[in-house]
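Student: I am new to this structure and would like a friendly walk through it. Could you show it to me before we begin?

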Amino acid sequence: MGLFDQVVGALAGRQSGGNAALLETVMQVINNPQTGGLAGLVQSFQQGGLGEIVNSWVSTGANLPISAEQIQSVLGGGSLQDIAAKLGIGQQQASGSLAELLPQVIDQLTPNGQLPQGGDLMAQGLELLKGKLFS
């Protein structure tokens with residue numbers, strides 16, 4: 001079972017809440033107005049020299065992988081420390097989990113290969129996941 005399936009399972013109550021908490025935290029990162037939301041996050045990856053990687057997540061093709069170290073370089077220690085604290089895990093584990101989940105979530109939020117315009121991405125993301133649960 002892939003990580004995305006585990007997260008969907010957690011939302012359906014079939015597994016522990018750890019994955020659901022991770023997904024919620026990822027959606028908060030993506031939906032953060034202080035960083036420009038999803039578009040700002042994508043721009044941060046592009047400015048950090050990871051444009052090809054993040055563009056693959058937005059496009060309709062295959063998602064390129066990202067390492068925990070690359071996540072750390074883009075998000076910075078302060079953000080990762082906050083995320084790790086919210087999840088009750090170490091910073092390295094948080095960046096590793098983000099490296100696995102972030103490409104999948106961004107891919108799901110951009111099904112047509114384009115960034116969504118406006119709206120609450122947290123709600124959109126959860127609706128997409130609910131749709132996967134009941135389809």
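**A first look at the chain**

Tutor: Of the 135 residues in the protein chain, 39% are buried, where buried means under 20% relative accessible area, exposed over 50% and partly exposed in between, with a 1.4 Å probe and protein chains only. This is a predicted model, in which local features need pLDDT of at least 70 and side-chain atom pairs count only at pLDDT 80 or more, while totals for chains, interfaces and linings use all residues. Residues are numbered from 1 along each chain as its sequence is written, and side-chain values use heavy atoms, with hydrogens and water left out.

Student: How many helices and strands are in the protein chain?

Tutor: Helices (H or I, at least four residues) and strands (E, at least two) are DSSP runs, numbered from the N terminus. Along the sequence the pattern reads α-α-α-α-α-α. The count is 6 helices and 0 strands.

Student: Is Thr-25 buried or exposed?

Tutor: Thr-25 sits in helix α2, which covers residues 18-30. Its relative accessibility is 6%, so Thr-25 counts as buried.

Student: Which residues does Leu-87 touch, not counting residues up to four places away in sequence?

Tutor: Leu-87 belongs to helix α4. The C-alpha atoms of Leu-87 and Leu-22 are 6.9 Å apart in space, although the two are 65 residues apart in sequence. With contact meaning heavy atoms within 4.5 Å, the residues that Leu-87 touches are Ala-21, Leu-22 and Thr-25.

Student: Are α3 and α5 roughly parallel or roughly perpendicular to each other?

Tutor: Axes here are lines fitted to C-alpha atoms, for helices over the stretch in contact, and angles run from 0 to 180 degrees between N-to-C directions. Angles under 35 degrees count as roughly parallel, over 145 as roughly antiparallel, 65 to 115 as roughly perpendicular and the rest as oblique. The axes of α3 (residues 37-58) and α5 (residues 91-109) come within 12 Å and cross at roughly 95°. The two helices are therefore roughly perpendicular.

Student: How do the residues of the contact of α3 with α5 divide into nonpolar, polar and charged?

Tutor: From α3 come Leu-38, Leu-41, Phe-45, Trp-57 and Val-58, which meet Leu-102, Pro-103, Ile-106, Asp-107 and Leu-109 in α5. Ala, Val, Leu, Ile, Met, Phe, Trp, Tyr, Cys and Pro count as nonpolar, Asp, Glu, Lys and Arg as charged, and the others, Gly among them, as polar. The division is 9 nonpolar, no polar and 1 charged.

Student: What is the relative accessible area of Thr-110?

Tutor: Thr-110 is in the loop between α5 and α6 (121-133). Leaving aside neighbours within four places in sequence, Thr-110 is in contact with Leu-38, Trp-57, Val-58, Leu-115 and Pro-116. Thr-110 is buried, and its relative accessible area is 1%.

Student: And what is the relative accessible area of Gly-61?

Tutor: Look for Gly-61 in the loop between α3 and α4. Its C-alpha lies 9.4 Å from that of Asp-107, with their positions 46 residues apart in sequence. Gly-61 is partly exposed, at 41%.

Student: Which residues account for 57% of the contacts in the protein chain with a separation of 6 or more?

Tutor: Thr-110 and Ser-59 illustrate a long separation in sequence, being 51 residues apart along the chain with C-alpha atoms separated by 7.4 Å. The 57% of contacts comes from residues 24 or more positions apart.
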